[in-house]
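Biologist: Could you take me through the second largest pocket in close detail? A word on the cysteines would be welcome too.

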Amino acid sequence: LLARRLVEAGARFVTLSTGGWDTHQDNFNKCRTLLPALDRGVASLIEDLRERSMLDDVTVVVWGEFGRTPRINTKAGRDHWSRVMSVLLAGGGMNNGQVVGASDRSGGEPAERPVRLGEVFSTLYRNCGIDSSTLQFNDLAGRPQYVVDPDCKPIKELVG
């Protein structure tokens, strides 16, 4: 509700954060508590934006900073895993309602249509009206750096 109200009031970027996702132990019990609230909150936000004809103008992103190990550890938890992760993107005028990419059977390695992080960032920049293939900034040594590798284009399945 707060996120939707901030967008209605004209906020260009809204960040919401929830904690408790570092489930190195007792993963399943923690997720039984965390996931329903996340599901309800994200679904309500998307529905509110759709009902107000705002969804095409707002990109909703649900994302952590890494994936989780495909195997459960000795403490019934899952550790950090950089090879496979998930992101939910909704709205933003994108072609929603699809899955892009897939992992192998164990969730340990990309298997079908791997999506690079740069593609996700390029998509998000595009939705903000920024061409990430040309945007640069100077690093601390004064050298120009691209904000995203210029070879990383927006996810074609989402943006046409």
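Modeller: Happy to: the pocket comes next, followed by the cysteines. This is a predicted model, in which local features need pLDDT of at least 70 and side-chain atom pairs count only at pLDDT 80 or more, while totals for chains, interfaces and linings use all residues. Residues are numbered from 1 along each chain as its sequence is written, and side-chain values use heavy atoms, without hydrogens or water.

The second largest pocket has a volume of about 740 Å³ (on a 1 Å grid over the protein atoms alone, an open set of points with protein on both sides within 12 Å along at least five of seven lines, for a 1.4 Å probe; lining residues have an atom within 4 Å of a point). Its lining counts 28 residues, and nearest the centre lie Met85, Ser86, Val87, Val100 and Val115. Two or more lining residues come from each of β4 (87-91), β5 (102-103), β6 (110-112) and α3 (117-127) (DSSP runs: helices H or I of at least four residues, strands E of at least two). Of these, β4 gives the largest share, with four residues.

Now the cysteines: the structure holds zero disulfides (sulfur pairs within 2.5 Å). For Cys152, the closest cysteine sulfur is in Cys128, 17 Å away, so the two are too far apart for a bond. Cys152 is also buried, at a relative accessible area of 3% (buried means under 20%, with a 1.4 Å probe and protein chains only). Cys31 is buried as well, and its relative accessible area is 18%.

Note on methods
Buried < 20%, exposed > 50% of the residue type's maximum accessible area, 1.4 Å probe, protein only. Points joined across faces, edges and corners; volume = space filled by probe spheres on them.
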